[in-house]
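The following exercises are meant to be worked with the sequence and the coordinates side by side. Try each task before reading its solution.

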Amino acid sequence: MSRVRIQYNAIPFLIPLCRVRAPIFLNRKTSIPSPIERFFPPAMASKPLNNIWIRRQQCPCGDWKCYIRLDGDESTTTKSEIESTTTTTSQSSSSSPPLSTPYVGQIFRTDDEAFEYYTAFARKTGFSIRKARSTESQNLGVYRRDFVCYRSGFNQPRKKANVEHPRERKSVRCGCDAKLYLSKELVNVNGNGVSQWYVSQFSNVHNHELLEDEQVRLLPAYRKIQQVDQERILLLSKAGFPVNRIVKLLELERGVQVPFIEKDVRNFVRASKKSVQESDALLNEKRERDLMELLESCKGFVHERDMGFVYEFTSDESGKVESLAWAYGECVQGYGMFGDVVVFDTSYRSVTYGLVLGLFFGMDNNGNAVLLGCVLLQDESCRSFTWALQTFVRFMRGGHPQTIVTDIDTGLKDAVQRELPNTNHVVFMWHVVSKLGSWFSQTLGSHYDEFRAGFEMLCRAESVEEFEQQWDLLISRFGLVPDRHAALLYSCRATWSPCYIRQHFLAQTMTPEFSLSIDSFLKRIVAEPTCMQALLEEVSIAASLAKQNPPRVPYPSMKTCMPMEDHARAVLTPYAFSFLQNEMVLSLQYAVAEMANGPYIVHHFKKMEGECCVFWNPENEEIHCSCKEFEHSGILCRHSLRVLAVKNCFHIPEQYFLVRWRQESSLVSEENQNGIGIGDDDCVQTFQSLTETLLTESMVSKDRLDYTNRELSTLIDRVRNVAPANICISHDC
């Protein structure tokens with residue numbers, strides 16, 4: 001029996017609380033909650049599901065048991081989730097001074113505070129504790145608490161079950177005498193009696209070995225599954241993830257070992273299985289309803305927001321939405337200018353809905369990612385990717401890109417070959433290199449670093465013949481001939497090896513800066529868990545911010561004083577000009593030798609190897625180099641520029657200024673380009689935060705959504721009537 005102190009007429013009384021189950025009285029307005037209502041309360045049932053995005057970790061080798069961890073990958077888990085899942089030990093160590101050994105007479109405000117302190121000390125020392133007996137009185141209530149080592153005392157022999165082969169369970173208890181006893185006392189503070197706890201007895205003498213840190217974390221007392229982890233585990237389990245992959249995924253997201261083991265997760269999933277099964281119908285219904293509402297939002301977007309907005313979807317026999325694709329009106333305009341190279345990013349999938357998020361990007365003339373389309377796919381099969389590519393081509397009015405850049409995926413590779421037969425397929429080198437650790441580090445062990453260095457040398461092969469020869473040597477040297485991941489890499493070599501893709505036009509999409517631009521765009525969408533209905537608006541906001549606030553790139557100063565440099569500066573954007581200027585500066589280090597039959601041999605003044613052959617036709621002002629840099633990036637190479645300089649050309653021929661790199665080929669108006677600095681980052685973040693809050697609150701009910709639509713329409717009309725000159729340039733938004 002426990003007691004609680006209450007105040008009545010300024011006189012303290014102790015009222016005993018009996019441990020009995022309170023009766024439930026039913027009437028018309030109350031009822032016993034069902035298991036589904038306990039798992040999903042009515043307030044939650046009326047709200048959309050939180051959509052959690054994770055990186056796709058299924059290995060493209062085809063083995064469902066094989067997963068990948070990308071080198072340098074960052075967690076998409078929100079900061080609040082990470083903070084909430086921090087263990088008690090780390091919390092106490094970060095918020096309190098270094099732990100010291102408890103001592104007799106040490107004071108604590110509450111017995112719970114003392115238990116937490118002793119728990120942290122025990123974990124640091126190498127054991128765990130448990131609560132033993134407690135003593136209470138009529139006046140003080142509980143006035144004594146005993147905390148002992150987890151191996152204190154001895155197990156009493158149990159009556160064996162009447163079975164043929166009873167289980168013999170060994171006990172960890174060995175009579176350890178380590179303990180901490182607390183006593184409660186009343187002290188006078190400013191004339192008031194205040195209770196506090198002090199250590200009356202303490203012993204740190206153990207009759208067993210203390211555990212190392214790697215062992216002590218496996219004790220049952222420290223294997224706690226926090227609430228946020230429980231929700232994530234259930235979602236991953238519903239998505240079909242096996243227990244070992246669930247634990248690995250949680251560890252990858254946090255970068256540290258989780259405070260529980262696979263056995264704990266398996267037991268938790270088994271215990272929750274009944275509740276999960278009972279809630280299956282509700283979950284499926286909510287998913288279907290959320291996707292239908294997203295589809296309705298697409299229909300409303302056409303009539304109310306964007307007349308150029310297009311969307312398509314697929315459904316099963318019962319009419320349930322399977323896959324959905326859409327593109328904004330500006331996407332078609334952007335594709336017309338920068339659709340020569342398309343990046344199809346499929347890095348993320350929704351745990352909540354089991355859908356793959358696919359985004360189509362282009363690169364503008366300033367090197368920034370431009371959104372061209374968005375798709376939600378029911379799975380990662382060739383059939384789904386084929387539908388996505390077909391739909392994208394229809395959105396772009398039948399236009400096929402010169403090159404499409406994707407992740408390494410056999411299903412996606414087959415879909416590209418089927419739907420875009422005349423389009424060059426290229427895999428991001430970063431996607432290949434980032435998977436090497438997951439594929440080969442465990443197999444090669446201490447030899448992995450040596451293999452990685454050999455692979456980097458392989459990527460510098462200048463010809464296909466050299467690549468093939470070095471590949472055979474590398475694979476044979478490390479015994480990877482039968483390895484399925486090595487076989488996958490070799491089968492896709494024509495899509496990622498630099499010597500194979502050198503002849504494909506890629507603009508500058510393979511640069512680290514462009515990868516960061518795409519990553520920044522994605523994180524605006526997947527950084528925080530939000531409802532599916534908000535996805536359409538989130539992508540639109542992210543696209544608008546990327547367009548209206550591109551990084552400001554100034555023109556670099558003149559470096560060579562060559563007339564060709566001044567000519568290029570007047571035509572190209574600062575981004576494109578910086579690449580051409582770098583080639584122009586390097587061209588001064590090259591020597592030119594004219595051959596008898598017309599071509600020019602260009603080589604570095606110190607390096608005789610790596611020479612290039614340049615053909616120059618002065619009549620048509622055509623120039624071609626064997627390095628294929630112009631065909632690869634749209635920027636003239638140093639070898640061609642050197643020949644032009646030797647032939648006294650003061651202007652670069654106009655056909656070598658691609659339209660996509662010219663200043664006039666911009667999706668951002670000149671007024672917006674001049675006003676890029678309007679409002680600092682804090683203003684943008686504040687406005688984005690207000691927009692997200694408004695969106696979240698509006699999605700609670702249909703009445704709120706209708707009201708927000710009416711008010712926003714009025715507000716947009718008012719904003720359009722504001723003169724452009726009235727621009728706030730203050731930092732105090």
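**Exercise 1.** At roughly what angle do the axes of helix 15 and helix 16 cross, and within what distance do they come? Classify the pair and describe its contact.

Solution. The model is a predicted one. Begin with the geometry: the axes of helix 15 and helix 16 cross at roughly 170 degrees and come within 10 Å. Angles over 145 degrees count as roughly antiparallel, and helix 15 is therefore roughly antiparallel to helix 16. Next, list the contact: helix 15 contributes Glu450, Phe451, Gly454, Phe455, Met457 and Leu458, while helix 16 contributes Phe467, Gln470, Trp471, Leu474 and Arg477. Sorted by character, the residues of this contact comprise seven nonpolar, two polar and two charged.

**Exercise 2.** Carry out the corresponding analysis for helix 14 and helix 15, and then determine which residues of helix 14 are buried.

Solution. The axes of helix 14 and helix 15 come within 9 Å, and their crossing angle is roughly 135 degrees. An angle that falls in none of the ranges under 35, 65 to 115 or over 145 degrees counts as oblique, and helix 14 and helix 15 are therefore oblique to each other. On the side of helix 14 the contact involves Leu436, Gly437, Phe440, Ser441 and Leu444, which meet Tyr448, Phe451, Arg452 and Phe455 of helix 15. The residues of this contact divide into six nonpolar, two polar and one charged.

Turning to burial, the buried residues in helix 14 are Leu436, Gly437, Trp439, Phe440 and Leu444. Viewed down the axis of helix 14, these buried residues fall within an arc of 160 degrees, so they line one face of the helix. Their cover includes helix 13, helix 15 and helix 17. Beyond the helix comes Gly445, whose phi is positive, near 60 degrees.

**Exercise 3.** Which residues of helix 17 are buried, and which helices do they pack against? Examine also the N-terminal end of the helix.

Solution. Helix 17 spans residues 484–491, and its buried residues are His485, Ala486, Leu488 and Leu489. These cover an arc of only 155 degrees around the axis, which puts them on the same side of helix 17. The partners against which they pack are helix 12, helix 13, helix 14, helix 15, helix 16 and helix 18. At the N-terminal end, the cap of helix 17 is Asp483, with a side-chain oxygen 2.9 Å from the backbone nitrogen of His485.

**Exercise 4.** How are helix 22 and helix 23 oriented with respect to each other, and which residues meet where they pack?

Solution. Helix 22 covers residues 563–571 and helix 23 covers residues 574–587; the two pack at an angle of about 170 degrees, with their axes 10 Å apart. It follows that helix 22 and helix 23 are roughly antiparallel to each other. In the contact, Met564, Glu565, Ala568 and Arg569 of helix 22 meet Phe577, Leu580, Gln581 and Met584 of helix 23. By character, the residues of this contact are five nonpolar, one polar and two charged.

**Exercise 5.** Which residues of helix 25 are buried, and what is His639 in contact with?

Solution. The buried residues of helix 25 are His639, Ser640, Leu641, Val643 and Leu644. What covers them includes both helices and strands, namely helix 22 and helix 23 together with strand 18, strand 19, strand 20 and strand 21. His639 has 8% relative accessibility and therefore counts as buried, the cut-off for that class being under 20%. When neighbours within four places in sequence are left aside, His639 is in contact with Tyr590, Val602, Cys612, Val614, Cys625 and Cys627. Helix 25 is followed by Asn648, whose phi is positive, near 60 degrees.

**Exercise 6.** Is Leu705 buried or partly exposed, and which residues is it in contact with once its neighbours within four places in sequence are left aside?

Solution. Leu705 lies in helix 28, which comprises residues 702–720. At 29% relative accessibility, Leu705 counts as partly exposed. Apart from neighbours within four places in sequence, its contacts are with Ser698 and Met699. From Leu705 to Leu694 the C-alpha to C-alpha distance is 9.7 Å, with their positions 11 residues apart in sequence counted as separation.

Notes. Residues are numbered from 1 along each chain as its sequence is written. This is a predicted model: local features need pLDDT of at least 70, side-chain atom pairs count only at pLDDT 80 or more; totals for chains, interfaces and linings use all residues. Side-chain values use heavy atoms; hydrogens and water are left out. Axes are lines fitted to C-alpha atoms, for helices over the stretch in contact, and angles run from 0 to 180 degrees between N-to-C directions. Helices (H or I, at least four residues) and strands (E, at least two) are DSSP runs, numbered from the N terminus. Contact means heavy atoms within 4.5 Å. Ala, Val, Leu, Ile, Met, Phe, Trp, Tyr, Cys and Pro count as nonpolar, Asp, Glu, Lys and Arg as charged, and the others, Gly among them, as polar. Buried means under 20% relative accessible area, exposed over 50%, partly exposed in between (1.4 Å probe, protein chains only). The arc is that of the directions from the helix axis to the C-beta atoms. A polar contact is a pair of N or O atoms within 3.5 Å; within protein, one must be able to donate a hydrogen and the other to accept it, and residues adjacent in sequence count only if both atoms are side-chain atoms.
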